[in-house]
Structures are given as C-alpha cells and as structure tokens.
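Please open the model in your viewer and keep the selection tool at hand. The stops below say what to select next and what is to be found there.

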Amino acid sequence: MIQIQNVTDFSLKYTLESGQSFRWNRIDNAYYGVVEGRILKISQAGTTLCVESSANEDEIHFVSFLRHYLDIARDVPKILAEVDNDAYMHRALEKLWGMRILNQALWETVASFILSQNNNVPRIRGIIRRLSERFGEHLTLAGYVDYSFPNADALARATEDELLACGTGYRANYLRNTAQAVVSGELSLILVKQMSYPEAKQALMRQEGIGEKVADCICLFSLGHLTALPIDVWIKRIFETLYLRRRATHREIRQFAHNYFGAGVGYAQQYLFHYVHECSNWADAEHLSLIELK
C-alpha cells in the first residue's frame, strides 16, 4: 500500500461520484476502479490517501501519476475562488468542496463519451464493463476482478455484431470507426494531446460520432482544458433556469458561461452539475434568489 499524505482540499467521494468516469465502484469505505490497465483501490482518511494497485508500481512515478490523475497537483482552490461569483455557486462549492476534475486516459475517454450519447450512467457503465470483459485483459486485486479497457486496435478489429452484443446500439459504428481512425493515425491522439483547446476540439469533431458535447467532455475530462464546457440537457437546463431565466441556444449559454466564469468554466459547470444531482430542490425560489446578476 502507498500513502499520499497532506492532500488538502480534496474529496475522493465527490471526485469519483460526479459522473466523470464510469469505472469506479464503492465497496465499504474504498473505491475500486480500473485506470490505465491496472485495478486501483483508493480510500481517504482526512488528508491521507491510501492506494493499492494490481500492478508492480515504482512508488515515485506512481505517486506522480496519481497526483495528476486526481488533479491534486493543480491549485484548484485558486480556480474555485475565481468562479465563486454568486451565492448559488458559493453554496455548491461549500457542499461539494474538494471535488476535482480527473485527467483520464485519452483513448478510453474518447470511447466512453462516444458511448455516453443519449444514454444514462448505469447503461454506460454496463456497456463499458461488457466491452472490457470481451476485449480487455483480466485483472485481479485481492479477490476483486475487473478488466482493462480495450485498446483501439482491439475495437478496430471487432465486428459490428460483437460490439452490438455488448449493448453499444447505434454507437457501434461510431466506436469502431473512431478506433480504426486512431489505429491508422487519421486521428492522432499524440498530436491531440499537444493541441490547444480549440485545435483539439476541432480535431476530435472531424470524427463521425463526436459532436461538440462529446468533444468538450474529452477536452475537459482527459486533456485538462478547463475552458471546455460540455453542454448536455442538464447543463442547458441549469443555465437557462439559474442564470439566463429563458430558453437559450448552446451558443448563448456558452458565451454567457465563458464571460461569467472565465477560464475555470469547466470546474464551475462540474460543481453546478453535481450540485443539482445532489439537491432535489436546486431550482426552488430560495435557490433562485441566491443569484443576482449585475
């Protein structure tokens, strides 16, 4: 077991339960998940993280990897201070303090959010589990069994029927074609990692099956572009209800959100997104009164 100490302003629970990743399971007081080809077991006691891995890890490299993956190497409190623009956001920040945006493996994030389209979290998790069982590698950690996410080559060679059998539905062709583009180099993940946010987003959207929302999810949850703003039905509803107080286009929402929250808009949306899922009365009169726009 490896311990990472003095991890301040961090909540493992809110980070792993906020809809960014589909591979984490809570068992008692620990979280088990598959991250880049190994099972991790992580628990938190105050400012200490206790981590076990199914792989033989070099401790120095492993701790550095974890700090990046969990985004605890970034000065997130500074970012949150910069988006703390109203009493509503302040309440969301207080309730969910410590939630970080993960820096996930690019290929798995691309594939996972292609599968997320017109889908719900339990179904997405199930599809990913079945794909991993069929095309990934068997992994164990102290009796816990899971499977690595299949690489692009494995999914590029899969037949449509094999993918459909995993529950992918109409997304099967999008997934296989994107895997083939990655394998051929048509979609170079190495180059995408080196691009600015606008460049990366456009490169991703050239691929059939990756629209603006999926591209923004990839940019935010894998590439660390905190100016990315994924707009799904929930984010649209949140901004229309809380801030604009009217129906709005995605372009209008995007323009307002970037002007209002600035460079940390990705963190702002994640706190708002998770807050409304935690609080059923998120849009009552008392909540709406917390926002007074200048």
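In the hairpin of E4 and E5, which residue takes a positive phi? Select the two residues between these strands, and there Gly46 is found with a positive phi near 65 degrees.

Before going further, note that this is a predicted model, in which local features need pLDDT of at least 70 and side-chain atom pairs count only at pLDDT 80 or more, while totals for chains, interfaces and linings use all residues. Residues are numbered from 1 along each chain as its sequence is written, and side-chain values use heavy atoms, with hydrogens and water left out. Helices (H or I, at least four residues) and strands (E, at least two) are DSSP runs, numbered from the N terminus.

**The hairpins**

Stay with E4 (38-45) and E5 (48-53), and colour the two strands, which run antiparallel and are joined by six bridges; two strands are said to pair if DSSP finds at least two bridges between them. Select Ser43 and then Cys50 in E5, which is its bridge partner.

Next add E3 (30-35), which runs antiparallel to E4 and is joined to it by five bridges. Val35 stands opposite Arg38 in E4, and in the hairpin that these strands form, with two residues between them, Glu36 takes a positive phi near 50 degrees.

Now move along the chain to strand E6 (residues 138-141) and strand E7 (residues 144-147), an antiparallel pair joined by four bridges. Leu139 is the residue to select here, since it stands opposite Asp146 in E7. E6 and E7 also form a hairpin with two residues between them, and Ala142 in the turn has a positive phi of about 50 degrees.

**Helix H2**

Select residues 59-69, which make up helix H2, and show the side chains of Phe62, Val63, Phe65, Leu66 and Tyr69, the buried residues of this helix; buried means under 20% relative accessible area, exposed over 50%, and partly exposed in between (1.4 Å probe, protein chains only). Looking down the axis of H2, you will find its buried residues within an arc of 160 degrees, so they line one face of the helix; the arc is that of the directions from the helix axis to the C-beta atoms. The face turned away from this buried side carries the exposed residues Ile60 and His61.

Bring the strands back into view, because the buried residues of H2 pack against strands E1 (2-4), E3, E4 and E5, where contact means heavy atoms within 4.5 Å. After H2 comes Asp71, whose phi is positive, near 60 degrees.

**The nonpolar cores**

A nonpolar core is a set of buried Ala, Val, Leu, Ile, Met, Phe, Trp, Tyr and Cys residues joined through side-chain atoms within 4.5 Å. In the largest one, which has 82 residues, select Tyr88, Trp107, Leu131, Phe239, Tyr243, Phe261 and Leu272, the members that touch the most others. The largest share of this core, eight residues, comes from H15. Apart from it lies another core, of 21 residues, including Leu40, Leu49, Phe62 and Leu66.

Remain at helix H15 (residues 265-278) and select His274, which has its place there. Is His274 buried or exposed? At 5% relative accessibility, His274 counts as buried. Leaving aside residues up to four places away in sequence, His274 touches Tyr14, Glu17, Ser18, Leu96 and Met99.

**Salt bridges**

A salt bridge is a side-chain nitrogen of Lys or Arg within 4 Å of a carboxyl oxygen of Asp or Glu, and by this rule the count comes to 18. Returning to the strands, select Glu52 and Lys41, whose side chains meet in a salt bridge (3.9 Å, N to O). Glu52 lies in strand E5 and Lys41 in strand E4, so the pair ties together parts that are 11 residues apart in sequence.

Another salt bridge joins Glu286 to Arg91, with the closest N and O atoms 2.9 Å apart. Glu286 lies in helix H16 (residues 285-288) and Arg91 in helix H4 (residues 87-95), so this pair ties together parts that are 195 residues apart in sequence.

For a third pair, select Arg247 and Glu240, whose side chains meet in a salt bridge (4.0 Å, N to O); Arg247 counts as exposed at 68% relative accessibility, whereas Glu240, at 12%, counts as buried. The last selection is Arg23, Glu108, Arg129, Glu133 and Asp146, which are linked in a network of salt bridges.
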